[in-house]
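Morning, everyone. Please have the sequence and the model open, and let's walk through it together.

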Amino acid sequence: VWYSQEARMYALVGFLSLASVCLLIEVSRRPSLRLWALYAVVTGLSLLSHYFAFLVLLAQLPLAPWLLGRRFKEWLGAAVVAGLIYLPWLPSQWHQLARAPGDYRAAFGLGEIAQQLLFTFSLGEGGPEPLAWAPWAFLGLAGVGLISLRRRPQTGGVLLCWLVLPVLIVYSLSRLTGLDLRAGGRIYYIVILGAFVLLVAR
């Protein structure tokens, strides 16, 4: 509900990130030129909608060889096409990053980010105090969902990597480069909301 009230790009990037991951899974099951083209276009559009969508693409990198086997090169080709779709926006993004101060230090830890995301995904921004227990119930449901996927390790692996890797990537890059990459910006992590919701729904 909180995300839907933002009349900006967040709902779009969340939808396109979800579609990108779903198309990757689908193309791993029944590859076709049409699905690869659709995956490349959807992923490229997600990159255009918000730069945090790159995290979803990076999270797919370790998954692609596992899911696709010999067809990994096809994924690389589709990822290059997605990058070419984003290319016209690159100078503006580069200019924005170049102006950012290089002495940023996150004033929070990875555990704090995880807890904030759990509460945001469960209750939204500033959820009601009487429901403070609810995020832990959602976490329990997500855990049960992950366990239920033990017989479908590919699906479980995709959801887990999609949920965890983007947070680790942006946090690590913020710490290593000193750039303010909004590691603690909960609203930007809508790109991984789909993974959390799908695990809870299992």
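Start at Gly-178. This glycine follows α9. Its phi is positive, near 75°. Keep in mind throughout that we are looking at a predicted model.

Now step back into α9 itself. The helix has 25 residues. From its first C-alpha to its last it reaches 34 Å. At 1.5 Å a residue you would expect 36 Å, so the span is close to that. Where does α9 kink? Look at Leu-165. The kink there is about 30°, and it lies shortly before the proline Pro-166.

Which residues of α9 are buried? From the start of the list, we have Thr-155, Gly-156, Gly-157, Val-158 and Leu-159. Then come Trp-162, Leu-163, Pro-166 and Val-167. Val-170, Tyr-171 and Ser-174 complete the list. So Pro-166, the proline just after the kink, is itself buried. What covers these residues? The cover includes α1, α3, α4, α7, α8 and α10. For orientation, α1 spans 10-29 and α4 spans 63-68.

Take one residue from that list, Thr-155. It sits in helix α9. Its relative accessibility is 16%, and it counts as buried because the cut-off is under 20%. Leaving out residues up to four places away in sequence, Thr-155 touches Arg-29 and Leu-149.

There is another threonine to compare, Thr-43. This one is in helix α2. At 2% relative accessibility, Thr-43 is buried. What does Thr-43 touch, not counting residues up to four places away in sequence? Ser-20, Leu-57 and Ala-82.

Leu-57 brings us to α3, where it is one of the buried residues. Six of the eight residues of α3 are buried, so the helix is largely enclosed by the rest of the structure. The buried residues are Ala-53, Leu-55, Val-56, Leu-57, Ala-59 and Gln-60. What covers them includes α1, α2, α4, α5 and α9. Note that α9 is in the cover of α3, and α3 is in the cover of α9.

Next, the rings. How many aromatic pairs does the structure hold? Six. I will show two. In the first, Phe-52 pairs with Tyr-189. Their centres are 5.5 Å apart and their planes are at 75°, so the pair is edge-to-face. Phe-52 lies in the loop between α2 and α3, while Tyr-189 lies in the loop between α9 and α10. The pair therefore ties together parts that are 137 residues apart in sequence. Are these two buried or exposed? Phe-52 is buried, and Tyr-189 is too. Tyr-51 joins in as well: ring pairs link Tyr-51, Phe-52 and Tyr-189 into a cluster.

The second pair is Phe-119 with Trp-136. It is edge-to-face, at 5.9 Å centre to centre and 85° between the planes. Phe-119 lies in helix α7 and Trp-136 in helix α8, so this pair ties together parts that are 17 residues apart in sequence. Phe-119 is partly exposed, at 25% relative accessible area. Trp-136 also counts as partly exposed, at 46%.

On to charge. Side chains of opposite charge can pair when their charged atoms come close. How many salt bridges turn up in a search of the whole structure? One. The partners are Arg-30 and Glu-26, whose side chains meet at 2.3 Å, N to O. Arg-30 is partly exposed, with a relative accessible area of 45%. Glu-26 counts as partly exposed as well, at 24%.

Last, the overall view. The protein chain has 10 helices and zero strands. From the N terminus on, every element in the run is an α. The chain has 202 residues, and 43% of them count as buried. It exposes about 10,900 Å², with carbon and sulfur atoms supplying 67% of that. Finally, take contacts between residues at least 6 apart in sequence. Of these, 76% join residues at least 24 apart.

That's my tour. Questions, please.

Methods. Residues numbered from 1 in each chain as written. Predicted model: local features only at pLDDT ≥ 70, side-chain atom pairs only at ≥ 80, totals over all residues. Heavy atoms only, no water. Phe/Tyr/Trp six-rings, centres within 6.5 Å; stacked < 30°, edge-to-face > 60°. Helix = DSSP H or I, 4+ residues; strand = E, 2+ residues; numbered from the N terminus. Buried < 20%, exposed > 50% of the residue type's maximum accessible area, 1.4 Å probe, protein only. Contact = heavy atoms within 4.5 Å. Areas by Shrake-Rupley, 256 points an atom, 1.4 Å probe, with all protein chains shown as cover. Bend = angle between axes of the 7 residues up to and from the residue. Salt bridge = Lys/Arg side-chain N within 4 Å of Asp/Glu carboxyl O.
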